[in-house]
Amino acid sequence: MFLTNDEEAILAGEQGEAKRKSMELLLALGKIYKAEKLVPITSAHLSGVSYKTIGEGGLDFLREMAKDGKVSVKSTLNPAGMDMHRWREMRIEPSFAERQIEIVKLYCKMGVETNCTCTPYLAGNVPGKGENVAWAESSALSFANSMLGARTNREGGPGALAAALLGKTPYYGLHLDENRLPTVIVEAELEDQLLDYSLLGQVVGMKFGAAIPYFRGIRPDVNQAKIMAAAMAAAGSVALFHVQGQTPEASKFDLKGVEKVQITRRDLEDAKDKLTTSQDPDLIALGCPHLSETEMKTIAKGLDGKKKRNDIEVWFCTSQRVKTWCPKETAVLERFGKVLSDTCMVVAPIEKTHKVTASNSCKACNYLPGLCSQKCMCRSTEQLMELIL
Ligand code: F3S
């Protein structure tokens, strides 16, 4: 991979150890993927935040990088293993909390914004069409590629951090026009509810793995797009999709010869049944990806004036920023459960406190069994709220 004189100097350690290590890492990635050069980025979104997922090894790596590392571009952070303020209410052990707080402080020291959320695009990190970025977090990067027309590969935590420190990323994969072409046309008719979009993502991810779907017959709003992107990235490894008449690049493709498939209601129902392994949740968790302001408002409106009838715990996961935008709705939701920010049901250690989690998110239902030893119940938001009323 070609390096400029400045990049060679960084590799020789002239700008410190964190940047040298970052350059080494990007060079190795660039060689694997046959990138011809590095390309400047306008933002980074970093995963590898929860102590549960990165452990002592990850914490040591961050301690090293934070000694002299500073990000060069706007950089945001994925959810941590706990609400940074309400961790005691989540029954998080103090030893876990201590390490989690250190992790977030280390990112902060490097200049990363610590509004820990998987929906950075709802909270100020909004790349424009054609901008090269380096985002980790599979749901967020798919949203950025698809709905915003930005360009990022499916970065891992260390690669995204290295890119953030250098302000550059290897130029390959989805940064290039020729790798952004649709590989399958997907036709579906959905009801206008979130769960349907999540299930569509689940079915497409399961059937096509790492495809680039081109959807016809749907027109997802932001909330529907984010939950569909999350499911597709979790059930498969979809990092980019197009929607006819909607997404920024959809009009420029010649679709002649591209395979076409129809997703039926039966497919969606089957997917829901497969993800449901219990009917008896002790936790209902909404907000995968993190709830937007409109979702907070819609759920609060549906619950306002009603009474909770049982003790099933409910989590509404969102970002600190969205929470501050809707104080009234937060107060309503707090009568039914906890409005948690900075964290989510998958990266928090819920295996220590819960056994069965119900969610409207197929991404959550994909990951909860393996990462949190949970049985799952996959239902719509409305059905989940009925369980407590
Ligand atoms: Fe976000 Fe956690 Fe889901 S990071 S996309 S809420 S698994």
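A residue is called buried here when its relative accessible area is under 20%, and exposed when that area is over 50%. The model shown in these views is predicted.

**View 1. Helix α6 and its buried residues.** Helix α6 is formed by residues 157-166, and nine of its 10 residues are buried, so the helix is largely enclosed by the rest of the structure. The buried positions of α6 are the glycines G157 and G159, the alanines A160, A162, A163 and A164, and the leucines L161, L165 and L166. Just after α6 comes G167, whose phi is positive, at about 70 degrees.

**View 2. The residues around the ligand.** Which residues surround the ligand? They are P79, C118, E137, S139, G287, C288, P289, C344, V346 and K363. Sorted by chemical character, this shell holds six nonpolar residues, two polar ones and two charged ones. Strand β10, which runs over residues 283-291, supplies three residues and thereby the largest share of the shell. Seen by domain, at least three residues of the shell come from domain 1 (5-177), and at least three come from domain 3 (276-386).

**View 3. The domains, and the contact between domain 1 and domain 2.** The domain assignment divides the chain into domain 1, covering 5-177, domain 2, covering 181-273, and domain 3, covering 276-386. Between the C-alpha centres of domain 1 and domain 2 there is a distance of 27 Å. Where these two domains meet, 18 residues of domain 1 are in contact with 20 residues of domain 2.

**View 4. The chain as a whole.** The chain contains 14 helices and 14 strands. Its radius of gyration is 21 Å, close to the 21 Å that the globule rule gives for 389 residues, and the chain is therefore as compact as a globular protein of that length. Measured out along the principal axes, the C-alpha trace spans about 65 × 55 × 35 Å.

**View 5. Interior, contacts and surface.** Of the 389 residues in the chain, 60% are buried. Among the contacts in the chain with a separation of 6 or more, 77% are made by residues that stand 24 or more positions apart. The accessible surface of the chain comes to about 15800 Å², and carbon and sulfur atoms account for 51% of that area.

Note on methods: Residues numbered from 1 in each chain as written. Predicted model: local features only at pLDDT ≥ 70, side-chain atom pairs only at ≥ 80, totals over all residues. Heavy atoms only, no water. Near = heavy atom within 4 Å. Helix = DSSP H or I, 4+ residues; strand = E, 2+ residues; numbered from the N terminus. Nonpolar A, V, L, I, M, F, W, Y, C, P; charged D, E, K, R; others polar. Domains from an automatic or database assignment. Rg over C-alpha atoms; globule rule 2.2 N^0.38 Å. Buried < 20%, exposed > 50% of the residue type's maximum accessible area, 1.4 Å probe, protein only. Contact = heavy atoms within 4.5 Å. Areas by Shrake-Rupley, 256 points an atom, 1.4 Å probe, with all protein chains shown as cover.
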